[in-house]
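Welcome! Take a moment to look over the chain below, and then we will walk through it together.

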Amino acid sequence: MRISNSHLQQLTIFTTVLTGAGIGTMYYLLQKNFAASDYHRLALQELEACPVAMESLGAPPLKVHNIHLTDRYNRVDKHTAQIKIPVTGIKSGGYLCASSLRDPNTNRWNLKQAVLKLREGNAIDLLNPPSTTAQSHAAGHADGVDVGRWH
């Protein structure tokens, strides 16, 4: 049985379009799943509650971008979550690096570490933020926070 070249071309185009649509849908659903998760929400709440970090970004408005799915530092399993959330404001941007643990008794996520790492190289520990006046004069690094792996 012979199949014409035009039929093979149509089949190839159809398969390519279908595969692309499937990959696009999967990407969208993964991003939606990340954004709806408790560990993602807790990290963003901590950022929004820190006036020093929000001022450094020039927020509001705060723009939260999609997580880079290929970034090897974004890891989530049953008990731990470590994510880098790209964020930008009017003045600057950076990554909100967060680490969370799931409490086995309550099955709820607890934020263990939240650091805003700005493009300029400064880091703000959101769980122990500097005072507003100290931050405006000194662009400090988050002391005692392991952000070395978050590049």
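Let us begin with a residue at the inside of the fold. Cys-97 is buried, with a relative accessible area of 0%. Another cysteine, Cys-50, is buried as well, at 3% relative accessible area. What about disulfides? The structure holds zero of them. Please keep in mind throughout that this is a predicted model.

Now step back to see the whole chain. The protein chain contains four helices and six strands. Starting from the N terminus, their order is α-α-α-β-β-β-β-β-β-α, so you can follow the elements one by one as you trace the backbone. Of the 151 residues in the protein chain, 36% are buried. The chain exposes about 9800 Å², and carbon and sulfur atoms supply 57% of that area. Among contacts between residues at least 6 apart in sequence, 48% join residues at least 24 apart.

Next, look towards the start of the chain. An unreviewed UniProt entry places a "transmembrane region" at residues 12-30. What does the model show over residues 12-30? The chain there is 100% helix and 0% strand, and the C-alpha atoms at its two ends are 27 Å apart.

Moving along, we come to a meeting of two rings. How many aromatic pairs does the structure hold? It holds one. The partners are Tyr-39 and Trp-109, arranged edge-to-face, with 5.1 Å from centre to centre and 75° between the planes. This pair links distant parts of the chain: Tyr-39 belongs to helix H2 (residues 38-48), Trp-109 belongs to strand E5 (residues 109-118), and their positions lie 70 residues apart in the count along the sequence. Are these two residues buried or exposed? Tyr-39 is buried because its relative accessible area is 9%, under the 20% cut-off. Trp-109 is buried too, at 8%.

Both rings also lead us to other residues. From Tyr-39 we can go to Val-76, which touches Phe-34, Tyr-39, Ala-81 and Ile-83, leaving aside residues up to four places away in sequence. Val-76 sits in strand E2 (residues 75-76). With a relative accessibility of 39%, Val-76 counts as partly exposed. Val-76 and Ser-100 are 24 residues apart along the chain, and their C-alpha atoms are separated by 9.3 Å.

From Trp-109 we can go to Lys-78, which touches Arg-102 and Trp-109, again not counting residues up to four places away in sequence. Where is Lys-78 found? It lies in the loop between E2 and strand E3 (80-88). Lys-78 is exposed, with a relative accessible area of 66%.

Lys-78 can also be placed relative to Asn-107: the two are 29 residues apart in sequence, and 9.8 Å apart in space from C-alpha to C-alpha. Asn-107 lies in a loop as well, the one between strand E4 (93-102) and E5. Its backbone is worth a look, since Asn-107 has a positive phi of about 65° although it is not a glycine.

One last stop brings a charge and a ring together. Which residue lies over the face of Tyr-95? It is Lys-84, at 4.5 Å from the ring centre.

Note on methods:
Residues are numbered from 1 along each chain as its sequence is written. This is a predicted model: local features need pLDDT of at least 70, side-chain atom pairs count only at pLDDT 80 or more; totals for chains, interfaces and linings use all residues. Side-chain values use heavy atoms; hydrogens and water are left out. UniProt positions are given in the numbering used here, feature names are shortened, and annotations may be inferred rather than shown by experiment. Rings of Phe, Tyr and Trp (its six-membered ring) pair if their centres lie within 6.5 Å; planes under 30 degrees apart count as stacked, over 60 as edge-to-face and the rest as tilted. Buried means under 20% relative accessible area, exposed over 50%, partly exposed in between (1.4 Å probe, protein chains only). A charge sits over a ring if NZ of Lys or CZ of Arg is within 6 Å of the ring centre and within 35 degrees of the ring normal. Contact means heavy atoms within 4.5 Å. Accessible areas come from the Shrake-Rupley method with a 1.4 Å probe; for residues, only the protein chains shown count as cover. A disulfide is a pair of cysteine sulfur atoms within 2.5 Å.
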